[in-house]
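This report concerns charged pairs and nonpolar cores. Please examine the sequence and the structure shown below before reading on.

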Amino acid sequence: MVDKKTNVGFKSKFGAMVAIGLTLVLGPATAHAKISDWFGNAGEEVVAIANVLVLIFGAAGVVLTGIGVIGAIFAKKNKQPMEHQPWFIIGGVLCILLVPLTMALSESIAGDDQGMNTQDFLNSKGEF
Amino acid sequence: MADSGQIISALKGGATEIMQYFVNFSGEFSEIEKVIIYVFAPAVGIMISAWGIVDFLKLKKSGGQGASPASIITRFVVGPITIQLSAFVRALSESIFGEREFQEAETLAASYATNAQNAADPVQAGLSAMVAFMVIVGWVAALRGMIAFARMGSPQENGYELFSTGAARLIAATFLCMFQFVADDLIASVGGGAKQFSSALGL
């Protein structure tokens, strides 16, 4: 028998009700998940993503520095003035040194690496 | 026939049962606080610093469009401060409220949640759970304030508006995180008694 308004059959409705019922009955016994667990899991993901982004940033820095150095050599060879090459070299090195640079700036500003340490965060795997 | 003592103790028992829901929920705040301070804030801080380096590269490449020396310096300063968000809020709170005895800033909501769980009085438990919730809202507001500060130096953004937004959020965050002292001082201003709210919390 099919409901004309929703176009959904009795079997489908009954199946959905059984699934919801089983979830409500068995869910609390099997899941044991809390809202704080969601945050904890999201935190683990954020740490993993941040590590990958730092790695990608470092790799981009190597490429930029390489382009800058090669560009500078060619500019010198062709006796042309350097334009973007020094920026690429400095920027690339800064990309590679993102974490030490951030840590150094933290210590310069706070006077001490108090509170959260950047390296601790990246090594934490989301567990504190 | 029940006497007034029995009715009051029954009401107190009922209130304790209801309050247990809030106390259980406040237990979640300690974990959420940890994730905000130890994961989200450092991640946002590193990304702000990285954004500063990208601005440095854009400065020459695109003729300075979307980047300026001010934006680079702002992001190099705001990024590391965001990583140490709890230390920064603590420093701000000491500037506003003076040096007072409280738990480490990193475990502020957790300390109120523990206080709620250990409280015998349902009012104490409820107040502690409420303050723990305010601390969490405060940490989120502080993080949003730092993001507003990070955008401040961009040429295409309204720097003054972002500065005022960031400053307002940061001050509100400090007041929310240190709500115990705000309530203490407000009550002392009106009623004259010192540490009234702290004693209501059982601290």
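## A partly exposed pair

With a relative accessible area of 31%, B:Arg151 is partly exposed. The model in which this residue appears is a predicted one. The side chain of B:Arg151 meets that of B:Glu157 in a salt bridge, with 3.4 Å from N to O. B:Glu157 is likewise partly exposed, at 30% relative accessibility. As a general principle, side chains of opposite charge can pair when their charged atoms come close.

## A pair within one helix

Over all chains, the count of salt bridges comes to three. One of them joins the side chains of B:Glu94 and B:Arg90, at 3.5 Å from N to O. Both residues belong to helix α3 of chain B, which covers residues 85–97. They are four residues apart, or about one turn of the helix.

B:Glu94 is partly exposed, with a relative accessibility of 30%. B:Arg90 also counts as partly exposed, at 27%.

## A buried pair between two helices

A salt bridge also links B:Asp55 with B:Arg75, whose closest N and O atoms are 2.1 Å apart. B:Asp55 lies in helix α1 (residues 4–61) of chain B and B:Arg75 in helix α2 (residues 69–83) of chain B, so this pair ties together parts that are 20 residues apart in sequence.

Are these two residues buried or exposed? B:Asp55 has a relative accessible area of 0% and is buried. B:Arg75 is buried as well, at 0% relative accessibility.

## The largest nonpolar core

In soluble globular proteins, nonpolar side chains tend to be buried together. The largest nonpolar core of this model has 34 residues. Those that touch the most other members are B:Leu85, B:Tyr112, B:Val135, B:Trp139 and B:Met146. Two or more residues come from each of the following elements of chain B: α1, α2, α3, α4 (108–118), α5 (122–150), α6 (159–177) and α7 (179–191). Which element gives the largest share of this core? That element is α5(B), with 11 residues.

B:Leu85 offers an example of the contacts made. When neighbours within four places in sequence are left aside, B:Leu85 is in contact with B:Ala41, B:Trp139, B:Ala142, B:Leu143 and B:Met146.

## Another core

Apart from the largest core lies another, made up of 23 residues. Its members include A:Phe57 and A:Val99 from chain A, together with B:Val35 and B:Phe76 from chain B.

Note on methods:
Residues numbered from 1 in each chain as written. Chains lettered and ligands numbered in written order. Predicted model: local features only at pLDDT ≥ 70, side-chain atom pairs only at ≥ 80, totals over all residues. Heavy atoms only, no water. Salt bridge = Lys/Arg side-chain N within 4 Å of Asp/Glu carboxyl O. Buried < 20%, exposed > 50% of the residue type's maximum accessible area, 1.4 Å probe, protein only. Core = buried A, V, L, I, M, F, W, Y, C linked by side-chain atoms within 4.5 Å. Contact = heavy atoms within 4.5 Å.
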